[in-house]
Amino acid sequence: MDTPSAIADLLSCLGQQVTLSKSDLDLHGQSESYFPLSPPDAVVYPETTEQVAQIVNICARHRVPVVAWGTGTSLEGQAQAFQGGIVVDFARMNQVLDIAQADMTARVQPGVTREALNDALRATGLFFPVDPGANASLGGMASTRASGTTAVRYGTMRDNVLALEVVTASGEVIRTGTGARKSSSGYDLTGLFVGAEGTLGLITELTLRLSGQPEAISSAVCAFNTVADAVATVIDTIQCGIPMARIELMDTESVRAVNAYSNMKLAEKPHLLLEFHGTSSSVAEQAESFGALAADHHGSGFDWATQTEARSALWTMRHNAYYAILSQRPGAQAIVTDICVPISRLAEAIEETRNDLAQAGVPGPILGHVGDGNFHAILLVDTSIPDELAAAKAASDRMVARALALGGTVTGEHGIGVGKLGYMQREHGQGWAMMGAIKQALDPLNILNPGKMVPPRN
């Protein structure tokens with residue numbers, strides 16, 4: 001690995017698009033989770049696909065790691081250059097290239113954020129539905145196979161990416177997929193790169209599936225006496241086929257945190273936050289059906305919001321819940337768990353997790369996208385206290401074991417990075433070795449985001 005020569009070649013080709021300033025390196029060496037600062041050796045801001053290919057070619061020639069960067073909101077260390085090398089920041093590749101209104105698709109560069117795309121779509125009657133909470137870049141969302149609050153109705157990034165342009169480890173530019181809604185042609189290369197976390201190639205363009213703006217939207221909050229009652233309502237709602245657009249859980253500790261952080265006045269009980277999309281009549285019918293199910297499980301304190309401002313305040317509160325929970329313990333950092341289980345096992349998984357955290361003395365407010373069986377315990381730790389960090393990691397490990405025993409997965413949406421790398425063998429068995437073989441075939445020099453996703457190379 002000849003990093004100085006690679007940087008010299010990058011400076012020669014791209015000049016001021018390359019930065020070596022300590023502040024910029026430090027900015028690109030951190031994450032929103034507990035991982036230590038790991039600055040890269042340089043940061044490059046490409047403006048075209050051709051420049052991305054140049055960067056990869058130079059790094060391949062000198063065997064220097066290349067790590068893609070979107071907005072830096074990932075939670076498992078995906079964008080940190082733990083082995084040094086070059087971070088490729090896609091902030092300047094932020095153009096919406098085409099909106100095909102009749103086809104309900106958009107073609108974008110990877111640095112476009114989800115909010116920027118939806119701003120560009122306002123006059124079309126369309127929107128991009130995947131909402132992970134953070135205003136993440138679409139390239140990053142594809143790379144981590146993100147989902148979020150609306151996945152219960154609209155699916156994840158896996159379901160909403162139709163085609164990609166990718167720069168491979170050899171510097172070749174390839175296209176995967178088409179603008180068609182389906183295909184039986186060949187291997188699903190688009191699906192291979194979606195969720196690969198930049199270990200197989202750098203995404204330089206995406207073709208995305210769009211959805212129609214619903215005629216009517218209604219949001220609500222509903223309190224329950226116990227988490228078990230709230231989860232039972234979720235299960236009944238899903239099994240009855242009520243088409244929820246969002247259905248989110250916050251436990252009592254999460255509610256207490258958002259009340260303080262967002263100046264809300266929710267009862268300090270477990271809550272469901274929900275949203276219905278459709279026509280005015282269908283939304284009213286869905287809300288009525290949900291209300292009956294919630295009443296069967298002692299739901300109370302319904303507060304309905306149909307005005308845009310009130311709905312925005314509700315979901316802003318939910319999206320800020322992570323920061324609200326962090327603020328409950330100033331100076332603490334978070335180990336963010338992310339298990340997902342079959343919906344029929346959700347109540348069991350949450351209740352066992354709550355009991356385990358209480359016995360272990362680990363603070364861990366719970367919230368999640370319970371409509372698809374995905375929930376998070378935000379484990380607050382002082383990383384300077386080794387015993388505390390060890391206890392939180394042990395609790396996280398037990399959550400993983402619990403999810404796998406219940407037929408679930410170690411991550412519903414946050415991805416692997418380095419934080420969950422140690423769990424891959426447990427979940428995938430020999431399939432993990434096959435992932436390593438794919439990585440070896442597509443990136444034989446192991447320069448693309450090394451140390452992530454696949455088994456370590458000898």
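What share of the 458 residues in the protein is buried? Here are some notes to help you find your way around.

1. Buried residues account for 56% of the 458. Please keep in mind that this is a predicted model.

2. On overall form, a compact globule with 458 residues would have a radius of gyration near 23 Å, and the protein's 22 Å agrees with that. Its C-alpha trace spans about 65 × 55 × 40 Å along the principal axes. The accessible surface of the protein is about 18600 Å², with 51% of it belonging to carbon and sulfur atoms.

3. You will meet 17 helices and 19 strands in the protein. Of the contacts between residues at least 6 apart in sequence, 70% join residues at least 24 apart.

4. A good place to start looking is an open sheet of five strands, ordered β5-β6-β10-β8-β9 and paired in the antiparallel sense. Its edges are β5 (96-100) and β9 (173-177), each of which pairs on one side only. Neighbouring strands in this sheet are turned by 15 degrees against each other on average, direction ignored.

5. Within the sheet, β6 (residues 105-108) and β10 (residues 201-209) are joined by four bridges in antiparallel pairing. Thr105 has Arg209 of β10 as its bridge partner. Helix α3 (residues 49-62) lies across β8 (161-168), β9 and β10, and runs at about 45 degrees to β8.

6. Finally, have a look at Thr156, in the loop between α6 (151-154) and α7 (157-160). Thr156 counts as buried because its relative accessibility is 18%, below the 20% cut-off. Leaving aside residues up to four places away in sequence, Thr156 touches Val130, Arg145, Ala146, Ser147 and Ala151.

Conventions: Residues numbered from 1 in each chain as written. Predicted model: local features only at pLDDT ≥ 70, side-chain atom pairs only at ≥ 80, totals over all residues. Heavy atoms only, no water. Pairing = 2+ DSSP bridges. Helix = DSSP H or I, 4+ residues; strand = E, 2+ residues; numbered from the N terminus. Axes fitted to C-alpha atoms, helices over the stretch in contact; angles between N-to-C directions. Contact = heavy atoms within 4.5 Å. Buried < 20%, exposed > 50% of the residue type's maximum accessible area, 1.4 Å probe, protein only. Rg over C-alpha atoms; globule rule 2.2 N^0.38 Å. Areas by Shrake-Rupley, 256 points an atom, 1.4 Å probe, with all protein chains shown as cover.
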